[in-house]
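Please look over the sequence and the model shown here, and then read the notes that follow, which take up selected local features one after another.

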Amino acid sequence: MKDGTVLFLKGVTVFIGIVVAICCIWSLPNLAREAAELNPEFAHLRIPVLAGIYMTAVPFYFALYQAFHLLMLIEKEYAFSEWAVKTLGNIKVCAGAIIGLYALGMAGLFTLNALHPGIALIGGGIMFTTLVIFFFAAVLQGLLSSALKIKSENDLTV
């Protein structure tokens with residue numbers, strides 16, 4: 001693809017990574033500190049909640065790397081390859097890990113009676129968005145796998 005679309009998407013992928021890194025480094029610790037000051041009864045949860053959020057950053061960045069890798073495959077015209085199928089599978093696994101980590105964290109906060117409705121809404125929104133990505137990657141992986149199977153059958157018949 002020489003029209004610049006892939007380059008634009010690669011730029012967006014890098015931009016998303018930078019924005020999330022900035023949030024993780026500067027915004028989240030300040031928000032956690034302010035929340036602990038406003039709610040001293042939940043101040044002991046500041047570090048565990050931050051650790052849980054940082055744990056979800058690991059699969060997020062791996063999925064972002066996989067998306068960048070997929071864009072490189074598309075750019076080199078290897079979109080219909082086993083590598084692309086594997087990359088989509090990795091993105092799917094990362095999305096599942098993020099959903100699982102958020103579900104565990106929210107369940108833990110709920111059992112401690114510390115799940116604020118605003119936090120529940122944000123966590124639910126993140127989980128829903130990640131679920132959409134999970135299913136989208138699963139559908140694309142299935143379609144790409146089927147296309148590769150049909151392509152290999154056609155190559156054998158010719």
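## Aromatic pairs

In this predicted model, the count of aromatic pairs comes to 4. One of them joins Phe-60 and Tyr-61 in an edge-to-face arrangement, with 5.3 Å from centre to centre and 80° between the planes. Phe-60 counts as partly exposed because its relative accessibility is 23%, and Tyr-61 is likewise assigned as partly exposed, since its relative accessible area is 30%.

The pair formed by Phe-62 and Tyr-65 is tilted, because the ring centres are 6.5 Å apart and the planes stand at 35°, an angle that falls between the limits of 30 degrees for stacked and 60 for edge-to-face. Both Phe-62 and Tyr-65 belong to helix H2, where they are 3 residues apart, or about one turn of the helix. In general, an α-helix has 3.6 residues a turn, so residues three or four places apart point the same way. Phe-62, with a relative accessibility of 39%, counts as partly exposed, and Tyr-65 is partly exposed with a relative accessible area of 49%, a value that stays below the cut-off for exposed, which is over 50%.

## A buried threonine in H2

Helix H2, which covers residues 46–75, also contains Thr-56. Is Thr-56 buried or exposed? Its relative accessibility is 9%, and therefore Thr-56 counts as buried, the cut-off being under 20%. When residues up to four places away in sequence are set aside, Thr-56 touches Ile-98, Leu-101 and Tyr-102.

## The largest nonpolar core

Which residues make up the largest nonpolar core? There are 7 of them, namely Leu-70, Leu-73, Ala-84, Val-85, Leu-88, Leu-144 and Leu-148. The elements H2, H3 and H4 each give two or more residues to this core, and the largest share, 3 residues, comes from H3.

Leu-144, one of the residues of this core, has contacts with Ala-79, Phe-80, Ser-81, Ala-84, Val-85 and Leu-88, again without counting residues up to four places away in sequence.

## Helix H3 and the residue after it

The 30 residues of H3 should span 44 Å at 1.5 Å a residue, and the end C-alpha atoms of H3 are 43 Å apart, so the expected span and the one in the model agree. H3 is followed by Asn-113, which has a positive phi, near 60°.

## Cysteines

The structure holds 0 disulfides. Why is Cys-23 without a bond to Cys-24? The sulfur of Cys-24 is the closest cysteine sulfur to that of Cys-23, but at 7.0 Å it is too far for a bond, given that a disulfide requires sulfur atoms within 2.5 Å. Cys-24 is correspondingly in no disulfide, and the nearest cysteine sulfur to its own is that of Cys-23. As to their surroundings, Cys-23 is partly exposed, with a relative accessible area of 35%, whereas Cys-24 counts as buried because its relative accessibility is 14%.

## Confidence of the prediction

The mean pLDDT of the protein is 92, and 98% of its residues reach 70 or more. Among the elements, helix H3 (residues 82–111) has the highest mean pLDDT, 96, and helix H4 (residues 117–157) the lowest, 91. As a general caution, predicted coordinates should not be read in detail where pLDDT is low.

Conventions
Residues are numbered from 1 along each chain as its sequence is written. This is a predicted model: local features need pLDDT of at least 70, side-chain atom pairs count only at pLDDT 80 or more; totals for chains, interfaces and linings use all residues. Side-chain values use heavy atoms; hydrogens and water are left out. Helices (H or I, at least four residues) and strands (E, at least two) are DSSP runs, numbered from the N terminus. Buried means under 20% relative accessible area, exposed over 50%, partly exposed in between (1.4 Å probe, protein chains only). Contact means heavy atoms within 4.5 Å. pLDDT is the predictor's confidence in each residue, from 0 to 100. Rings of Phe, Tyr and Trp (its six-membered ring) pair if their centres lie within 6.5 Å; planes under 30 degrees apart count as stacked, over 60 as edge-to-face and the rest as tilted. A nonpolar core is a set of buried Ala, Val, Leu, Ile, Met, Phe, Trp, Tyr and Cys residues joined through side-chain atoms within 4.5 Å. The expected span of a helix is 1.5 Å times one less than its number of residues.
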